[in-house]
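Reader: I would like to see how each label on this model is earned. Please set values against cut-offs and conclude.

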Amino acid sequence: MGSMGYLGPCGTHSEAAAIFVSRAIHQQELKGFPDIYSVMQAVSDGEVDSSIVPVENSLEGSINITLDFLARNDTLEVACELVWPVHNYLMAKKSSCVPHTIISHAQPLSQCRNYIKSHFPAADLVAAQSTAHAAKMVSQSADDECAAICTKRAGDMYGLSVIAENIQDNMMNSTRFFVVKKKTCDHFRVDISSEVNDMRGKDKVIVICKIDGSHAGALASVLDEFAWRKVNMVRIESRPARTRLGEYVFFFDLEADAPEGALESSIRAVGKKCIWLRVHGPFPVMNVFQS
């Protein structure tokens, strides 16, 4: 049995996603870590065989620490992606509670903003380390008029009752997770003369690269290499390169289902125009909405 790290504690959305992936792929011993950096570092150090980490929420945007770690670490590869639906519950010691204090992680508090304003506009909002920690705080509080926004599992763990379910402002709210593992071999080599593996029939490829922004049109030139070969780009993201002001690292999410040879040749061409380039994939995407 292998081991998989996740962002703890028990009862979080990250744990639920980890359980799903473990069952879908193969049984894994799950190990929680206190923060995303620790989750990813555990894979790099060999403490676990793989880890599942959030990379983007549909309402709140990218998880920067995940992107930054992938950009700086060349020992890891993305094994698969999971699109996980986020269901938020309002839970308290009694289902009849009318809370004057609502506790949760900062992201669920933001994701449920409209519901809170509509139903409990006078409630004080308190940020917690996680949704599971919020449920624990409510269960241990002497105040019976406080509630937690959490997962159903977290509320059940701490003996809470449901006040309302699916209170997120957008019913399609979801989080993208990456399963990362230690790199076993390079799918691409940046030197142009090497063989490049065929990527057809897979779901996604991620290209991470640093572009020389001192030249006008440098980014446009890179994007053209994908566009004219009809390689579909589904997402682009930039992060500071952490070198000096004005230098950035770019993340390109590409559909692997491209015309024959197009994906390989476009990445070769992009590699010539970049200071450095890394490729993750091809890897499958598991979308729970479609399962």
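**Labels and their grounds**

Author: Start with Thr131, which counts as buried at 5% relative accessibility. Bear in mind that this is a predicted model.

Reader: Why is Thr131 called buried?

Author: The cut-off for buried is under 20% relative accessible area. Thr131 has 5%, so the label applies. This residue lies in helix 6, residues 131–140.

Reader: Which residues is Thr131 in contact with, leaving aside neighbours within four places in sequence?

Author: They are Gly11, Thr12, Ser104, His105, Pro108, Ile149, Cys150 and Thr151. Cys150 counts as buried too, because its relative accessibility is 0%.

Reader: How many disulfides does a search of the whole structure find?

Author: Zero. Cys150 is in none; its nearest cysteine sulfur belongs to Cys112, 10 Å away.

Reader: What makes the sulfur of Cys274 too far from that of Cys209 for a bond?

Author: A disulfide needs the two sulfur atoms within 2.5 Å. The sulfur of Cys274 is 3.7 Å from that of Cys209, so there is no bond. Cys209 holds the closest cysteine sulfur to Cys274. Cys274 is also buried, because its relative accessible area is 12%.

Reader: Why is strand 5 described as largely enclosed?

Author: Strand 5 covers residues 76–85, and nine of its 10 residues are buried, so the rest of the structure largely encloses it.

Reader: Which way does strand 5 run against strand 11, and how many bridges join them?

Author: Antiparallel, with nine bridges to strand 11, residues 174–182. Glu77 stands opposite Lys181 in strand 11. Two bridges are enough for a pair.

Reader: In which sense does strand 5 pair with strand 16?

Author: Parallel, over three bridges, with strand 16 at residues 285–287. Val83 has Asn287 as its bridge partner there.

Reader: What makes strand 13 and strand 15 edge strands?

Author: Look at the order first. The open sheet has four strands, 13-14-12-15, with antiparallel pairing. Strand 13 (233–240) and strand 15 (274–283) each have a single partner strand, so one side of each has no neighbour in the sheet. On average, neighbouring strands here are turned by 15° against each other, direction ignored.

Reader: How many bridges join strand 13 to strand 14?

Author: Seven, and strand 14 takes in residues 248–255. Ser238 is bridged to Phe250 in strand 14.

Reader: Which strands does helix 9 lie across?

Author: Strand 12 (204–211), strand 14 and strand 15. Helix 9 spans residues 262–272 and runs at about 155° to strand 15.

Reader: Which residues have the most contacts inside the largest nonpolar core?

Author: Met40, Leu70, Phe178 and Ile208, in a core of 25 residues. Two or more residues come from each of helix 2 (36–44), strand 3 (50–57), helix 3 (64–72), strand 5, strand 11, strand 12 and strand 14. Helix 2 gives the largest share, five residues.

Reader: What does Ile208 touch, not counting residues up to four places away in sequence?

Author: Its contacts are Leu70, Ala71, Val249, Phe250, Phe251, Trp276, Leu277, Arg278 and His280. Another core, of 20 residues, lies apart from the largest one; among its members are Cys209, Val222, Leu263 and Val279.

Terms used:
Residues numbered from 1 in each chain as written. Predicted model: local features only at pLDDT ≥ 70, side-chain atom pairs only at ≥ 80, totals over all residues. Heavy atoms only, no water. Axes fitted to C-alpha atoms, helices over the stretch in contact; angles between N-to-C directions. Contact = heavy atoms within 4.5 Å. Buried < 20%, exposed > 50% of the residue type's maximum accessible area, 1.4 Å probe, protein only. Core = buried A, V, L, I, M, F, W, Y, C linked by side-chain atoms within 4.5 Å.
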